Amino acid sequence: MKKFLYTAGVIIAGFIAGYMFLTLLVSGGTVEVPDLSGKDIVQANQILKEKGLYIRIDGEEYSEAPTGTVSRQTPPAGTSIKKGREIGVVVSKGLRFTVLPDVRELSYEEAEKVLNEKSIPIEKVIKIHSEKYPENIVIAQRPEPQEGGKSIKLIISLGKKEE
């Protein structure tokens with residue numbers, strides 16, 4: 001009878017220990033997904049690492065979030081998941097359309113400064129001779145001023161053509 005009680009006690013203790021271990025393993029291994037919106041990739045990665053999670057970049061998109069920051073994530077913030085899982089993030093490319101300033105009749109250097117201040121890249125520069133405009137002056141731009149675009153093309157004067 002003592003052997004039976006001893007064996008039953010060991011079996012019951014084993015079940016209790018196993019149950020407690022699994023409960024701690026499952027419940028202790030879950031975390032709440034943090035809100036990564038507006039964070040740059042380095043910050044987002046650090047936040048996830050501290051929670052025992054990993055980052056996965058799922059692509060880029062135009063959005064109102066600042067360029068280079070997280071615009072959305074999967075799963076969303078507040079979701080409970082197990083440690084070691086990946087959080088997918090989409091990185092913002094900024095706004096798709098920017099209202100372009102009028103840089104016509106400015107020198108190329110002045111136009112470049114205005115465009116750099118607004119983070120508008122110059123896609124292409126075409127230089128042509130002009131009877132009307134002196135050398136190094138912006139004759140035209142595409143897209144036109146006040147239109148949207150993600151970059152700009154400029155036509156610059158080479159001045160009068162010498163014959």
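This passage describes the salt bridges of a predicted model and the strand pairing around β5.

The structure is a predicted model, in which local features require pLDDT of at least 70 and side-chain atom pairs count only at pLDDT 80 or more, while totals for chains, interfaces and linings use all residues. Residues are numbered from 1 along each chain as its sequence is written, and side-chain values use heavy atoms, with hydrogens and water left out.

Six salt bridges were found in a search of the whole structure, a salt bridge being a side-chain nitrogen of Lys or Arg within 4 Å of a carboxyl oxygen of Asp or Glu. Side chains of opposite charge can pair when their charged atoms come close. One of the six salt bridges joins R56 to D58, with the closest N and O atoms 2.8 Å apart. R56 is partly exposed, with a relative accessible area of 32%; residues are classed as buried under 20% relative accessible area, exposed over 50% and partly exposed in between (1.4 Å probe, protein chains only). D58 is likewise partly exposed, at 40%.

A network of salt bridges links D102, R104, R142 and E144. Within this network, D102 pairs with R104, the closest N and O atoms being 2.9 Å apart. R104 also meets E144 in a salt bridge, at 3.4 Å from N to O. The pair of R104 and E144 links distant parts of the chain, 40 residues apart: R104 lies in the loop between β5 (86-92) and α3 (108-117), and E144 in the loop between β7 (138-142) and β8 (152-157). Helices (H or I, at least four residues) and strands (E, at least two) are DSSP runs, numbered from the N terminus. The side chains concerned are partly exposed, with relative accessibility of 42% for D102, 34% for R104 and 26% for E144.

Strand β5, which precedes the loop containing R104, is mostly covered, with six of its seven residues buried. Two strands are taken to pair if DSSP finds at least two bridges between them. Strand β2 (residues 54-61) runs parallel to β5 and is joined to β5 by seven bridges. In this pairing, I57 of β2 has V89 of β5 as its bridge partner. Strand β3 (residues 70-74), in contrast, pairs with β5 in the antiparallel sense over four bridges, and T74 stands opposite G88 in β5. Strand β5 thus has parallel bridges to β2 and antiparallel bridges to β3.
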